[in-house]
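Here's a quick briefing to read alongside the model. Have the sequence and the 3D view open as you go.

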Amino acid sequence: MQSPFLESQPIEVSEALFDAGANLIESDGLEAEATAVLGPMCFQSQFIDCMEMYADVPTVAQYLGCHQDWFTRCACPMKVDAIAENGYALTIGRFGSFGYEVEPKVGLELLPPDEGIYRIRTIPVPNYTPPGYDVDFRATMQLVAGTAEDLNLHQVAAVTRVEWQLDLAVYITFPKFIYKLPHSLLQKTGDRILCQIVRQVSRRLTYKVQQDFHSKLGIPFRK
C-alpha cells in the first residue's frame, strides 16, 4: 500500500480524525460545556527528522542554497508563490474539526546558512490577513558528513545527513460555538491534528527533495 505522503493529492485531514472529538468525549466522560476562554488557542508541535543524500557536504550545500530551483517543484501539490528573494507563500491544504475548517497560508523565509546552520522562519504574506489564525514556524537544519558504510551502501562515494528540527506553534481563534466544547478536548484534538499535518508534510517534502536531488545529479537513489 502506497504511503499517503507520496501521493500527489492535496493534503487533507480525514473525517476519521474529526470524529476523534466524539470518541474523546465518550472515553473521558466530558460534556460540551461552555468555556470562559474565548481568545486564541495555541497548538504546538516539535519534530526532529533527517534525510540522507548520497553526495558530499559541499554538493548538498550547493543544491540546498539554490532553493529557487527546487523548493517550488518539491513542495507540490502545495501551492507556492515567491514573495521575496528567499521567501515563499505556501497554501498548505484544508484542515479542520467539529465543522470548522481553515485553509492556512503561511510565509516562510529560507535564510542563508550561518556557520553551517540553515534556518527557516515565518514572514508576513503581502496583502494577506490570516482569517483567525497565526503561525510561528522556526526550523533549523545542518549538514553532517556520513559514510556509505553507515547505510550499507557500497556503490556510493559519500553520504550527507541533513538533520533538522522544527518548533511550530499555531494560534487559532475559533467561532464561538466551538468554545462550547471542553477546552481539554479542543487542545487534544488540535495538537493531534497539528502533529499529523507536520508528519505528513515533512515526509512528503523530504521524499521529493531526495528524489529531485539524486535525479538532478544522476545518482541512483534507494527509496
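What follows covers confidence first, then three helices.

This is a predicted model, where local features need pLDDT of at least 70, side-chain atom pairs count only at pLDDT 80 or more, and totals for chains, interfaces and linings use all residues. Residues are numbered from 1 along each chain as its sequence is written, and side-chain values use heavy atoms, with hydrogens and water left out.

**Confidence**
- The chain averages a pLDDT (the predictor's confidence in each residue, from 0 to 100) of 79, and 74% of the residues score at least 70.
- Over residues 1-36 the pLDDT is below 50, yet this stretch has 63 contacts (heavy atoms within 4.5 Å) beyond near neighbours in sequence.
- Where pLDDT is low, don't read the predicted coordinates in detail.

**Helix α3** (helices are DSSP runs of H or I, at least four residues; strands are runs of E, at least two; both are numbered from the N terminus)
- Val60, Tyr63 and Leu64 are buried (under 20% relative accessible area, 1.4 Å probe, protein chains only; exposed is over 50%, partly exposed in between) in α3.
- Those buried residues fall within an arc of 95 degrees seen down the axis (taken from the directions from the helix axis to the C-beta atoms), so they line one face of α3.
- Over on the other side of α3, Pro58 and Gln62 are exposed.

**Helix α4**
- His67, Trp70, Phe71, Cys74 and Ala75 are the buried ones in α4 (residues 67-75).
- They sit on the same side of α4, because they cover an arc of only 110 degrees around the axis.
- Packing partners of these buried α4 residues include α3 (57-65) and α5 (183-217).

**After helix α5**
- Gly218, just after α5, takes a positive phi of about 70 degrees.
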